[in-house]
Amino acid sequence: MIHVIDYGLGNVQAFLTLYKRLGFEATRAKTATDLTGATKIILPGVGAFDHAIELLNQSGMRPTLEALVVQDKVPVLGICVGMQILASASDEGHLPGLGWVPDKVYAFRANEQSASLPLPHMGWNDVQPKPGSLLFAGLESDARFYFLHSYYFECDEPSHVAAVAAYGFDFSCAVTAGNVYGVQFHPEKSHHFGTKLLKNFAEL
Amino acid sequence: MLRPRITPCLLVHKGGLVKTIGFKTPKYVGDPINAVKIFNEKEADELIVLDIDATVNNAELDYRMIANLAAECRMPLCYGGGIKTPAQAKRIISLGVEKVAISSAAVEHPELITQIADEIGRQSVVIVLDVKKRLFSKDYDVFTKNACTNTKRSVFDLAAEAEKLGAGELVINSIDLDGAMTGYDLALAEKIRQAVNIPISILGGAGSLDDIEALIRTCGIIGAAAGSLFVFKGVYKAVLINYPSLAQRDELIRRAFY
């Protein structure tokens with residue numbers, strides 16, 4: 001069963017509708033008890049980094065979620081800010097992130113290669129997956145996804161990069177560390193490209 | 001490469017979809033949910049839905065309709081119409097809408113832009129400016145309340161102010177060209193592109209894919225929004241929801257950047 005974390009951020013319904021259409025069982029998790037039996041977890045998110053961490057803490061799900069992901073190695077997919085909070089820290093906030101992909105999130109505005117570009121980075125951009133990435137199976141060429149963000153993930157550890165996109169420079173638009181996955185773009189709003197990616201995650 | 005966006009803009013009036021000319025004479029063109037389903041099939045880049053009754057009637061928002069649209073919509077959705085408070089904006093986002101569009105309220109109370117950006121993040125705040133060209137001038141006045149009230153403020157000043165206050169995107173909507181299908185006001189688009197450094201979309205005037213190509217050639221990575229073009233077909237303007245295929249869009253963008 002795929003559990004979509006509902007902590008008040010992100011489009012939970014879009015994931016449920018999409019998985020139903022694909023024939024996968026998916027459910028909304030609002031409490032720690034709801035997480036029982038999760039074999040896949042989706043962590044959506046929009047908005048600011050600290051706000052997302054605060055809401056996740058307030059939801060009461062965080063300890064159970066950490067046990068599932070860190071001890072039981074249940075695959076988790078963070079989306080947008082849900083991806084950024086996988087990091088250890090962000091330029092955008094003061095609170096520590098989950099640290100499951102122990103890198104950092106930076107502001108496009110503070111990077112001289114992207115500082116003069118319109119921000120947020122908004123719209124459909126090409127995504128180049130790293131060879132062998134399971135999340136991007138079948139999306140190796142001509143994949144594009146919808147982005148809406150002003151901060152970007154930077155991996156100090158190269159093996160954490162699952163895909164890159166260009167906005168002034170190549171940034172890590174998908175990350176991976178063991179059973180933890182994250183994508184900066186919105187697969188739930190990226191038509192057949194996103195559907196394929198979410199199907200890949202369900203079939204991991 | 002980040003691509004220019006080609007965005008259908010749908011107007012809701014009395015629960016149905018309409019298309020106006022010069023912000024007047026709304027013509028019924030169909031059911032909103034049905035239109036969303038068609039744009040899903042066409043894999044549209046994104047969608048803007050504006051409720052044109054909400055501000056004028058001072059009505060509470062139709063959250064049920066917004067939730068239904070968001071549940072059906074498989075592309076990014078921007079909803080606008082009648083939003084006056086951060087709480088309303090937050091509720092719309094929680095229904096699964098990616099961006100909220102604010103127009104009259106943001107022009108009358110600019111501090112609202114900052115308040116809403118603080119609540120939902122600036123990336124989700126879209127400011128819509130309805131504009132009319134000034135007589136004997138290269139400037140444009142911003143109007144509110146469905147083009148009924150002239151604020152007599154320059155669009156370029158208000159655009160820069162909206163960016164400073166926390167807007168994540170601007171939609172510049174030409175009242176003069178609404179429904180005209182004679183091409184975008186490229187001079188306006190170019191000046192707006194130079195005035196701000198946030199994403200912008202231009203609405204009003206698109207009558208063909210060539211018009212969209214011309215906008216992209218002039219402004220580069222920009223949002224090309226259109227109403228009539230995507231709901232009417234042919235010289236007699238028969239109602240037929242249409243949208244270019246992925247291959248057509250790629251070809252259009254390739255030509256525009258050539």
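Here are a few notes on a predicted model with chains A and B, covering one strand, one helix and the contact between the chains.

1. Start with strand E12 of chain A, residues 180-183. Its side chains alternate: Val180(A) and Gly182(A) point one way, Tyr181(A) and Val183(A) the other. Both pairs are buried.

2. E12(A) has a partner in strand E4 (residues 76-79) of chain A, and the two run parallel over four bridges. Look at Tyr181(A) here: Leu77(A) has it as bridge partner.

3. E12(A) also pairs with strand E11 (residues 170-177) of chain A, this time antiparallel, again through four bridges. Tyr181(A) turns up once more, as the bridge partner of Thr176(A). E11(A) and E12(A) make a hairpin with two residues between them, and Gly178(A) in that turn has a positive phi of about 65°.

4. Over in chain B, have a look at helix H8, residues 209-219. Ile212(B), Leu215(B), Ile216(B) and Cys219(B) are its buried residues to check. They sit on the same side of H8(B), because the arc they cover around the axis is only 95°.

5. What do the buried residues of H8(B) pack against? Their chain B neighbours are strands E1 (5-13), E11 (200-203) and E12 (223-226), plus helices H7 (186-195) and H10 (246-257). Right after H8(B) comes Gly220(B), with a positive phi near 75°.

6. Finally, the contact between the chains: 23 residues come from chain B and 27 residues from chain A. On the chain B side that touches chain A, the classes are nine nonpolar, seven polar and seven charged residues.

How values were computed
Residues are numbered from 1 along each chain as its sequence is written. Chains are lettered from A and ligands numbered from 1 in the order in which they are written. This is a predicted model: local features need pLDDT of at least 70, side-chain atom pairs count only at pLDDT 80 or more; totals for chains, interfaces and linings use all residues. A residue is buried if 20 or more other C-beta atoms lie within 10 Å of its own, exposed if 12 or fewer, and partly exposed in between; C-beta atoms are placed from the backbone. The arc is that of the directions from the helix axis to the C-beta atoms. Two residues are in contact if their C-beta atoms, placed from the backbone, lie within 7 Å. Ala, Val, Leu, Ile, Met, Phe, Trp, Tyr, Cys and Pro count as nonpolar, Asp, Glu, Lys and Arg as charged, and the others, Gly among them, as polar. Two strands pair if DSSP finds at least two bridges between them.
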